[in-house]
Amino acid sequence: RTMIASDLARSALVLPLAFAWTLPQLYAISFAVSCCSAFFAPARTVVIPRIVEAARLVEANARIQQVTQLVRVASPAVAGALVMWAGEWLCYFADSASFVISASLICRLSRAAPMRAQPRRVSAMFRELREGAYFLGADPQFAFAMVAGAFATGCFGALLPVYVRDVLHGAPATYAALGTSVAAGSLAGAF
């Protein structure tokens, strides 16, 4: 249910992006979409072992990663083509529809036996956060690598469209080609 709710919420939230014209609107919508997205991956991590036989779990996880990487490679090209064909607003409608399709496909999955909810205290959550922070802090080089990598990835993703527009004076197809090549490089690096 968490995955379905996350998909449906994101479907509703990405539609206003087609009509957002100010940075505060974009920030607010992006923040809300990201908040909803934060529930999807952990829920998937819990659901997959419950619907896939233990002997096929590694294969199922590998296929999920393959499809994820394939989508990362193809989506910039598809989005660039949509923008060139019908404008950027169509991308938001297509994105919204993709979340509805995802939710409907998840609804069709075999139902697994419900897990008993484990009572969890707020103190346990803070203890786990503290343990994670301790783990990062125990090795300063590792912590620096994690923070620097996240920062560089975030900056690159945020600045690439600006670079294409202002420096390269490129069209949506240029951005799509660069996005696809970045994703293809990530995919190649995984092998």
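**Exercise 1. Classify His 169 by its accessibility and place it in the chain.**

Solution. At 65% relative accessibility, His 169 counts as exposed, where exposed means over 50% relative accessible area, buried under 20% and partly exposed in between, with a 1.4 Å probe and protein chains only. The residue sits in the loop between helix H6 (140–167) and helix H7 (172–189); helices (H or I, at least four residues) and strands (E, at least two) are DSSP runs, numbered from the N terminus. His 169 also has a positive phi of about 50°, although it is not a glycine.

The model is predicted: local features need pLDDT of at least 70 and side-chain atom pairs count only at pLDDT 80 or more, while totals for chains, interfaces and linings use all residues. Residues are numbered from 1 along each chain as its sequence is written, and side-chain values use heavy atoms, with hydrogens and water left out.

**Exercise 2. Describe the protein chain as a whole.**

Solution. Begin with the secondary structure: the protein chain has 7 helices and 0 strands, and along the sequence the pattern reads α-α-α-α-α-α-α. Next take burial, where buried residues make up 19% of the 191 residues in the protein chain. Finally consider contacts, meaning heavy atoms within 4.5 Å: of the contacts in the protein chain with a separation of 6 or more, 64% are accounted for by residues 24 or more positions apart.

**Exercise 3. Which residues does Cys 36 touch, not counting residues up to four places away in sequence, and is Cys 36 buried or exposed?**

Solution. Start with location: Cys 36 lies in helix H2 (residues 23–51). Its relative accessible area is 18%, so Cys 36 is buried. Leaving out residues up to four places away in sequence, Cys 36 touches Ser 6, Ala 9, Arg 10 and Leu 13.

Now turn to one of these partners, Ser 6, which is found in helix H1 and is buried, with a relative accessible area of 4%. With the same exclusion of residues up to four places away in sequence, Ser 6 touches Cys 36, Ser 37 and Phe 40. Although Cys 36 and Ser 6 are 30 residues apart in sequence, they are 5.3 Å apart in space, C-alpha to C-alpha.

As a last step, check for disulfides, a disulfide being a pair of cysteine sulfur atoms within 2.5 Å. The structure holds 0 disulfides, and for Cys 36 the nearest cysteine sulfur, that of Cys 35, is 6.8 Å away.

**Exercise 4. Work out how H1 packs against H2.**

Solution. Two packed helices are described by the angle between their axes and the distance between the axes. Here axes are lines fitted to C-alpha atoms, for helices over the stretch in contact, and angles run from 0 to 180 degrees between N-to-C directions. The axes of H1 and H2 come within 8 Å and cross at roughly 160°. H1 and H2 are therefore roughly antiparallel to each other, since angles under 35 degrees count as roughly parallel, over 145 as roughly antiparallel, 65 to 115 as roughly perpendicular and the rest as oblique.

H1 passes H2 in a left-handed crossing; a crossing is left-handed if the near helix is turned anticlockwise from the far one by less than a right angle, and right-handed if clockwise. The residues making the contact include Ser 6 and Leu 13 of H1 and Cys 36 and Phe 40 of H2. By class, this contact of H1 with H2 has 12 nonpolar, 3 polar and 3 charged residues, where Ala, Val, Leu, Ile, Met, Phe, Trp, Tyr, Cys and Pro count as nonpolar, Asp, Glu, Lys and Arg as charged, and the others, Gly among them, as polar.

**Exercise 5. Describe how H4 packs against H1, and then against H3.**

Solution. Helix H1 (residues 2–14) and H4 pack at an angle of about 165°, with their axes 8 Å apart, which makes H1 roughly antiparallel to H4. Their crossing is left-handed. Among the contact residues are Met 3 and Ile 4 of H1 and Phe 99 and Cys 107 of H4; Cys 107 is partly exposed, at 37% relative accessibility. The residues of the contact of H1 with H4 divide into 10 nonpolar, 3 polar and 3 charged.

For the second pair, helix H3 (residues 57–86) and helix H4 (residues 88–107) pack at an angle of about 130°, with their axes 7 Å apart. H3 and H4 are therefore oblique to each other, and H3 passes H4 in a right-handed crossing. This contact involves residues including Ala 79 and Trp 85 of H3 and Trp 89 and Leu 90 of H4, and by class the contact of H3 with H4 has 9 nonpolar, no polar and 1 charged residues. Ala 79 counts as partly exposed at 30% relative accessibility.
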